[in-house]
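Hi,

Here is the structure I said I would pass on. Have a look, and my notes on its aromatic rings are underneath.

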Amino acid sequence: MESRKRPDPRPNDTTIIARLPRAPVVISVSIPAEVPAPVRAVAVVSAAPSASRAALPAAVMPTRATFVLTFSTGQRVSVQGSGLIGRKPLAQPDEIFDELIRVADADRSVSKTHLEFGQHDGEFWVSDRVSGNGTVIRRPGETAEALEPGRRYVLPRGTRVEIADQSFSIS
């Protein structure tokens, strides 16, 4: 007897779909006849990833606090920048992260790239990356809150983040 099941035509979450080509955008701006005198720059900061942070003056250095993520698996990771958390986290071709944190999850409840994290002005934030089983946060003294995918949530130290069947706390 022959099976009537057709293969699933949907790509799994490791498939990279090529971006559609965009037509170049040309913006035309008229230049006034008299251009004001340039303002003297105090410091110039390059956004290039190869720029050394040690070469920046202390006043220009971004605030980067250290956070310790303690996972339910027993794993402890100190982070200072941005990153991805998942079973097998993978950045998209146009993304750059400081950390890629793998979570051991034999049941595969955690998505391959489940959560994004980072810092803004020394505060820790997380964002669900459209994970299959979702993310729940439990801030100290507050009720549990399910994360809306793609939205950043600033979290204080002591928060517990549940990523499917696994979790981690921020200290």
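Below is what turned up around the aromatic side chains.

First, the small print: this is a predicted model, with local features needing pLDDT of at least 70 and side-chain atom pairs counting only at pLDDT 80 or more, while totals for chains, interfaces and linings use all residues. Residues are numbered from 1 along each chain as its sequence is written, and side-chain values use heavy atoms, without hydrogens and water.

Rings of Phe, Tyr and Trp (its six-membered ring) pair if their centres lie within 6.5 Å; planes under 30 degrees apart are stacked, over 60 edge-to-face, and the rest tilted. That gives three aromatic pairs. One of them is Phe67 with Phe124, tilted, at 5.1 Å centre to centre and 50° between the planes. Phe67 lies in strand S1 (residues 67-71) and Phe124 in strand S6 (residues 123-128), so the pair bridges 57 residues of chain (strands are DSSP runs of E, at least two residues, numbered from the N terminus). Both rings are buried (under 20% relative accessible area, 1.4 Å probe, protein chains only): Phe67 has 3% and Phe124 has 1%.

Phe71 and Phe168 also make a tilted pair, with centres 5.0 Å apart and planes at 40°. Here strand S1 brings Phe71 and strand S11 (residues 166-170) brings Phe168, 97 residues apart. Phe71 is buried at 4%, and Phe168 is buried at 1%.

Phe67 and Phe124 also join Phe117 in one aromatic cluster.

Finally, the charged end of Arg152 sits over the ring of Trp125, 3.8 Å from its centre (the rule: NZ of Lys or CZ of Arg within 6 Å of the ring centre and within 35 degrees of the ring normal).

Cheers

Methods
Helix = DSSP H or I, 4+ residues; strand = E, 2+ residues; numbered from the N terminus. Buried < 20%, exposed > 50% of the residue type's maximum accessible area, 1.4 Å probe, protein only.
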